[in-house]
Amino acid sequence: MTQITYLDHSGFMVKTDKVIMVFDYFRDPAHKVVKTLDKYPDMPVVFFVSHYSPEHFNHVIFNLGQSHERAYVISNEVHSQEVQSDLAVSWMSHGDIAENLPGGLKVRAYGIHGQGVSYLVTTPDGKTFFHGGGLCVDTRKKTVDPEDIKKHDEQYRIIVNQIAEDNATVDVAFMPVEIEAGPDFAQGATYFLEKVNVGMFFPFHVEDPDAKACDFKQYPFTKQVNTQLLCLVKPGESMEI
């Protein structure tokens with residue numbers, strides 16, 4: 001059984017039978033990570049950092065799970081001086097692969113717009129988990145040169161198409177849905193779901209009062225997708241899959 005817990009903003013924790021994965025820890029007001037680590041003292045933990053942003057990277061992760069076997073998978077955008085030298089760290093850029101991580105995990109890094117990465121994690125039993133980090137279409141359509149937006153969105157499609165080409169299926173995907181984009185808020189996630197064969201999809205950046213990111217009826221699908229569309233809104237909310 002796999003348990004998925006929403007931490008806050010873009011943060012998720014995934015607990016399988018063999019490993020605890022923590023993606024883009026920003027804050028955890030429900031203290032779910034600490035509680036889970038205390039409950040499973042013999043289970044290894046792997047922390048993922050997609051890019052250097054205060055909403056995706058919090059130094060507190062280096063103080064968590066100190067009694068556990070633990071490892072860190074961190075974007076090369078993060079300065080190495082900010083990471084303790086005695087920690088087990090896999091530094092990742094677009095295209096890099098890390099293998100033999102705690103719990104038998106294998107990780108491949110894909111790009112995002114600008115610096116940073118997204119992650120495709122494969123467990124020993126072949127299950128795949130994708131965390132999009134900052135992978136999204138450009139939401140600043142009123143303030144940025146249209147040509148820059150076009151280049152950004154073209155890069156987004158190239159990355160998504162590469163993910164689809166490399167992976168016949170993705171069992172679970174966590175993707176940003178940018179509410180501030182107005183009517184286009186679900187454009188990027190919709191493209192991803194139409195190109196990549198995703199089993200379960202969880203949006204993040206869902207903390208707006210109306211949880212528009214979870215209103216899947218507004219996603220502009222142009223074809224049917226065989227994806228279970230799910231949402232965790234409240235920090236600490238969990239689901240077993």
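1. The lining of the largest pocket in this predicted model is made up of eight nonpolar, four polar and five charged residues. The volume of that pocket comes to about 330 Å³. Of the 17 residues that line the largest pocket, Thr2, Thr16, Asp125, Lys127 and Phe129 are the closest to its centre. These figures come from a predicted model, and the pocket should be read in that light.

2. At the start of the chain, strand E1 (residues 3-8) and strand E2 run antiparallel and are joined by five bridges. Ile4 stands opposite Val14 of E2. The hairpin that E1 and E2 form has two residues between the strands, and His9 in this hairpin takes a positive phi near 55°. A colleague checking the backbone may wish to look at His9 there.

3. E2 also pairs with strand E3 (residues 20-23), again in the antiparallel sense, over four bridges. These two strands, E2 and E3, form a hairpin with four residues between them. Val14, which stands opposite Ile4 of E1, also stands opposite Met21 in E3.

4. How many of the residues of strand E2 (residues 11-15) are buried? Five of the five are, so E2 is largely enclosed by the rest of the structure. Gly11, Met13 and Lys15 point one way from E2, whereas Phe12 and Val14 point the other way, and all of them are buried. Lys15 thus deserves a look in the viewer, as a residue of E2 that is buried.

5. Further along, seven strands form an open sheet with mixed pairing, in the order E7-E8-E9-E10-E11-E12-E13. Strand E7 (97-101) and E13 stand at the edges of the sheet, and because each has a single partner strand, one side of each is left without a neighbour in the sheet.

6. Within this sheet, strand E11 (residues 170-176) and E12 run parallel and are joined by six bridges. Met175 stands opposite Pro203 in E12, and Pro176 has Phe204 of E12 as its bridge partner. E12 pairs with E13 as well, in the parallel sense and over two bridges, with Met200 standing opposite Gln228 in E13. E12 is mostly covered, six of its seven residues being buried.

7. Gly111 belongs to strand E8 (residues 105-111), and with a relative accessibility of 6% it counts as buried. Which residues is Gly111 in contact with, leaving aside its neighbours within four places in sequence? They are His94, Gly116, Ser118, Leu135 and Ile159. Gly111 and Gly95 lie 16 residues apart in sequence, and their C-alpha atoms are 7.7 Å apart in space.

8. Thr128 is a residue of strand E10 and is buried, its relative accessible area being 7%. Not counting residues up to four places away in sequence, Thr128 touches Leu120, Val121 and Thr122, and also Thr169, Val170, Asp171 and Val172.

9. Is helix H3 (residues 187-195) largely enclosed or exposed? Seven of its nine residues are buried, so H3 is largely enclosed by the rest of the structure. The buried residues are Gly188, Ala189, Thr190, Tyr191, Phe192, Leu193 and Glu194. What covers the buried residues of H3 includes strand E10 (128-131), helix H2 (146-166) and the strands E11, E12 and E13.

10. On the cysteines, the structure holds one disulfide. This disulfide joins Cys214 to Cys231, with an S to S distance of 1.7 Å. The pair links distant parts of the chain, 17 residues apart: Cys214 lies in the loop between strand E12 (198-204) and strand E13 (228-229), and Cys231 lies in the loop between E13 and strand E14 (238-240).

11. Why is Cys136 not bonded to Cys214? The closest cysteine sulfur to that of Cys136 is in Cys214, and it is 17 Å away, which is too far for a bond, given that a disulfide calls for sulfur atoms within 2.5 Å. Cys136 is itself buried, since its relative accessible area is 14% and the limit for buried is under 20%.

Definitions and conventions: Residues numbered from 1 in each chain as written. Predicted model: local features only at pLDDT ≥ 70, side-chain atom pairs only at ≥ 80, totals over all residues. Heavy atoms only, no water. 1 Å grid on protein atoms, 1.4 Å probe; cavity = no way out; pocket = protein on both sides within 12 Å on 5 of 7 lines; lining within 4 Å. Points joined across faces, edges and corners; volume = space filled by probe spheres on them. Nonpolar A, V, L, I, M, F, W, Y, C, P; charged D, E, K, R; others polar. Buried < 20%, exposed > 50% of the residue type's maximum accessible area, 1.4 Å probe, protein only. Contact = heavy atoms within 4.5 Å. Pairing = 2+ DSSP bridges.
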